[in-house]
Amino acid sequence: MDSPITPQAMETVMIRRPSVRGAAIITRPFFWLITLVVAIFIVTPAIGNNVELRESLLLAAVYITLASNLNLMLGYAGYINFGSIVFFGLGGYICVWLVNSYDWPLWLALLAAGVGVSALSFIFGIGILRLRGPFFALSTIGIVEGVQAFVQNFTPWGGSSGIYISPAVFAPLGGPARALWVVYFALVAVMGLSLYLSYAIKTSKFGLGLLAIGQNEDAAAILGVPTPRYKALAYSASAFLPAIVGGLYFFKGAFIQPSDAFDLTLSTEAIVICMLGGQGTVTGVALGAYLYEELRGYLLTSETFSHFQLVVAGALLLLIVLFFPGGLMGFIYSRFPRTQRLLE
Amino acid sequence: MLGIIASLIDGVLVGLVYGLAAMGLTLIWGVMDVINLTHGTMIVGGMFALYLLATALGMPPYLTLPPVLIGGFVVGVALYWVAVHRMIGRPPLMSLLSTFAVNLMLIGIGTGLWGTALFNVSVSLPGLSIGRYTFPGAHILAAALAALIAGLLYLFLHKTRLGKALRAVANNREAAELVGIPTTKLLAIAVGCGVALAGVSGMLIGTLFPFTVLSGDGYQLKSFVVTVLGGFGNPVGALMGGVALGLLEGAVTPFVPVSWTLVIEFALFVLVLIAFPNGIFARRGAL
Amino acid sequence: MTALLSLQKVGKRFGGLQAVHDLSFDMRQGEILGLIGPNGAGKSTLFNLINGVFAPNSGNIVFNGIDITGQRPFVIARHGLARTHQIVQPFTNMTVLENCTVGACFGRENLPLMRARDAAREAIVIAGLEDRAATLALHLTIAGKKRLELARALAAQPMLLLLDEVLAGLNPAEIEHMIGVIRRIRDRGISILIIEHLMQAIMSLSDRIIVLNYGEKLAEGAPSEVARNPQVIEAYLGDPKLAEQLQGHAEQPASNGSARHV
Ligand SMILES: Nc1ncnc2c1ncn2[C@@H]1O[C@H](COP(=O)(O)OP(=O)(O)O)[C@@H](O)[C@H]1O
Ligand SMILES: [Mg+2]
């Protein structure tokens, strides 16, 4: 394409390239690219015990996880989930509660959070995924309201005042300072899993079905794609790892309350990241998350902008939607078509 | 028993205002299949316009209605050109995202300016007493004004050239273009009207309840519920849907904590959508 | 021998409109059955009923011995029923090959990805799209999109294929090509139920024809019989051109016989 890049043209070249290759996943370059990113996340802060870098990368890992799981719905199946934060928040609550009140080991509490939230979203998903496109999007906003109201009235979880974790909980991990590293590495592992999962799904039959749903749901169903089951599965899968990340995040903070756990800013940022990097791509979402984290770091330290983080996120999203609907990857693919084969 | 009846009547009064708000949403929806996710924030905009005009400039609260109406229209036309115009004819996902983005910016600016503090505009009107119960004057007047504006909208859509053209565009945009109706201008006008309605209903709600910058989410959800109850793209249905929602709130409030009302309404939203994909009082293209 | 597809008193109404009314017919394995009727007769609606887009309000649909009445489209597709759309519905941002792979993956055979791609390739060749395999569907011409519809349905390796006006909007050369493709599909043992307005084409392609009018069966039989049926001619009087074409066929029934041998 050497004509000027219109949004429509961008839309055409971007994303949605289900790979129909079938070779084992570990023989593919992209698999090793993900592995390289994970290795960088593990090694760089560990060198010289760089806590500041670790905290910044930790946030990037959270963003990457949330955005790449959101991408399963938004980029693959074409459904906007405005309320992906409930996965994160509920996961946080389940984990913190099990660790604090029942002395569960962290890993088991995390697993319970992931499985519990996934199962719950599968059930929810069967219901609300009967709604098409925009109506699904609207109902995801309602889910946030609903879950938040529930948690605020749920006394075992401390209602609106939340749950504090007692410091004793960090003892099995070797004390608070070491626990922070443990949590960080666990988070990076979850991030890596998210990227592998996104990639594996994209190159699978399941992914092909989801992409077909995203393009034309009626036609997909008529061709035999079991749309209700696939959508509910994707929705439920997109809940699993974010719930675990929520568990880790609030375990690390040793405190959880409804207003933090269900802060819509985070799920909003996940949407911005997806669109920024290029919905439907694995690389783009990781890249978008990293760039967004950098941008955000700059905004927060800048006096003028710190109050207007949402404004900047909104403006960014608007510009992307208006002028670059393919996001960064759409742009890169259209400039360098070869990259499309390497960068999924 | 009488308490419930009083609560129901009050629900209808407030429901009329919700219906007016939902008309704004459904007008845009009906004409161009765009879901305006700035709707809630536009309602809040009306509330803050009321607050600023009434408190800072000392205007009588109800006299802020005309400036809010006009201001809302202007803002709506601007919204059309910024966020909606380029989305026409693209997947619905895109207009959802673009209005969502604008909403983020508005919310960001709003919280930057006012934080999340609670604001309140007090109007003192004599209530109407029936037996032991007194219906607040503000509720009665807000309901009356909402009904009046809804009636004017109906007349506008059915009796004026512009309104008829809008309905033609809603029914079939291509056909309307073929007979020479300038659709782009009309689409901009439709968004203008939709936002003006949101603003005015916000201004009316502002005379009833306290509000914050973030109050919009709840009212937006109510508008969606009303819209599915009333049928998409159907302003008359929206008013009926508003009354239905008001009745429901009236029936529920005496028994259920306030924080659950929205959840119940949301559940209703999903159930109705699943059971009646076109709304209960559905008359598709009835605009 | 039992019928491949059997409709028993099937009815569908949209509000006050009875789009399909008490319709019954059987279809044999290996047959090309033509479905004609004026615009709005309910032909596309009938397809939507057969492949589960709409559930009928009354009656039963049995496919290959299985009662599929009211089943969802993706279930029916698994039983070996595929269709094309009157208004093309490609996955616009996927290549032709990917489009067809979806068909093959989720069709009757429920193939794994790799084997599905081979099946897709084969279908693409049959439909004559091999030089477009890597093209995004949205860059295809109308004729290309129509062929893609066909290739995608074919990739599902169906037992029965429903074709909804695949010739509409094509130029004479494209029509000739498409007719060849349809014959080749039938030669592979796939039964075909076809809606078409081009009388010439459907008369020569079909073994049997059913005429639908206002949702009801007006006539059924060999093409030559149907074309001579006064009721059918009357139903088409609203469209004099079609009526003329029909009569043209009634006068030269010989052409039907020869058309059956490819
Ligand atoms: N989804 C629908 N809702 C309401 N009416 C419909 C719907 N689909 C088709 N119809 C109506 O049913 C009748 C038959 O339409 P159709 O089956 O498309 O006819 P055709 O024989 O031309 O394919 C028409 O009057 C059409 O308007
Ligand atoms: Mg038709």
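In chain B of this predicted model, 78% of the contacts between residues at least 6 apart in sequence join residues at least 24 apart. The corresponding share is 80% in chain A and 65% in chain C.

Chain B is built from eleven helices and two strands. Read from the N terminus, its elements follow the order α-α-α-α-β-β-α-α-α-α-α-α-α, with the two strands placed after four helices. The radius of gyration of chain B is 18 Å, in agreement with the value near 19 Å that a compact globule of 287 residues would have. Along the principal axes, the C-alpha atoms of chain B occupy a box of roughly 60 × 45 × 35 Å. Buried residues account for 55% of the 287 residues of this chain. Chain B exposes about 11500 Å², and 70% of that area is supplied by carbon and sulfur atoms. The chain carries 12 positive and 7 negative charges, the mean positions of which are 11 Å apart.

Chain A contains 16 helices and two strands. For its 344 residues, a compact globule would have a radius of gyration near 20 Å, and the value for chain A, 20 Å, agrees. The box filled by the C-alpha atoms of chain A is roughly 60 × 45 × 45 Å along the principal axes. Of the 344 residues in chain A, 59% are buried. About 12600 Å² of chain A is exposed, with carbon and sulfur atoms supplying 68%. Chain A has 17 positive and 15 negative charges, and a distance of 15 Å separates their mean positions.

One local backbone feature of chain A concerns D103(A), a residue other than glycine that has a positive phi of about 55 degrees. D103(A) is placed in the loop between helix 4 (85–102) and helix 5 (106–128). With a relative accessibility of 63%, D103(A) counts as exposed, the cut-off for this class being over 50%.

Chain C comprises eleven helices and ten strands. Its radius of gyration is 18 Å, close to the 18 Å given by the globule rule for 262 residues, so chain C is as compact as a globular protein of that length. The C-alpha trace of chain C spans about 55 × 40 × 35 Å along its principal axes, and 58% of the 262 residues count as buried. The accessible surface of chain C comes to about 10700 Å², of which carbon and sulfur atoms hold 51%. There are 26 positive and 25 negative charges in chain C, with mean positions 5 Å apart.

A magnesium ion (ligand 2) is bound by chain C residues, with S44(C) (OG) and Q86(C) (OE1) coordinating the ion at 2.1 to 2.2 Å. S44(C) belongs to helix 1 (residues 43–50), whereas Q86(C) is in the loop between strand 6 (81–83) and helix 3 (96–106), so the pair ties together parts of chain C that are 42 residues apart in sequence. Both coordinating residues are partly exposed: S44(C) has a relative accessibility of 23%, and Q86(C) has a relative accessible area of 33%.

Elsewhere in chain C, N110(C) has a positive phi of about 55 degrees although it is not a glycine. N110(C) lies in the loop between helix 3 and helix 4 (113–126). Its relative accessibility of 36% places N110(C) among the partly exposed residues.

V211(C) is part of strand 9 (residues 208–213) of chain C. At 1% relative accessibility V211(C) counts as buried, since that class covers values under 20%. Apart from neighbours within four places in sequence, the residues in contact with V211(C) are I36(C), E216(C), K217(C), L218(C), A219(C), V226(C) and V232(C). V211(C) and G107(C) are 104 residues apart along the chain, and their C-alpha atoms are separated by 30 Å.

With regard to the assembly, two pairs of chains touch, and the most contacts are found between chains A and B. Chains B and C share no contact, and their closest C-alpha atoms lie 12 Å apart.

Terms used
Residues numbered from 1 in each chain as written. Chains lettered and ligands numbered in written order. Predicted model: local features only at pLDDT ≥ 70, side-chain atom pairs only at ≥ 80, totals over all residues. Heavy atoms only, no water. Donors = N, O, S within 2.8 Å, 3.2 Å for Na, K, Ca; no water. Buried < 20%, exposed > 50% of the residue type's maximum accessible area, 1.4 Å probe, protein only. Rg over C-alpha atoms; globule rule 2.2 N^0.38 Å. Contact = heavy atoms within 4.5 Å. Areas by Shrake-Rupley, 256 points an atom, 1.4 Å probe, with all protein chains shown as cover. Lys, Arg positive; Asp, Glu negative; His and termini not counted. Charge placed at Lys NZ, Arg CZ, Asp CG, Glu CD.
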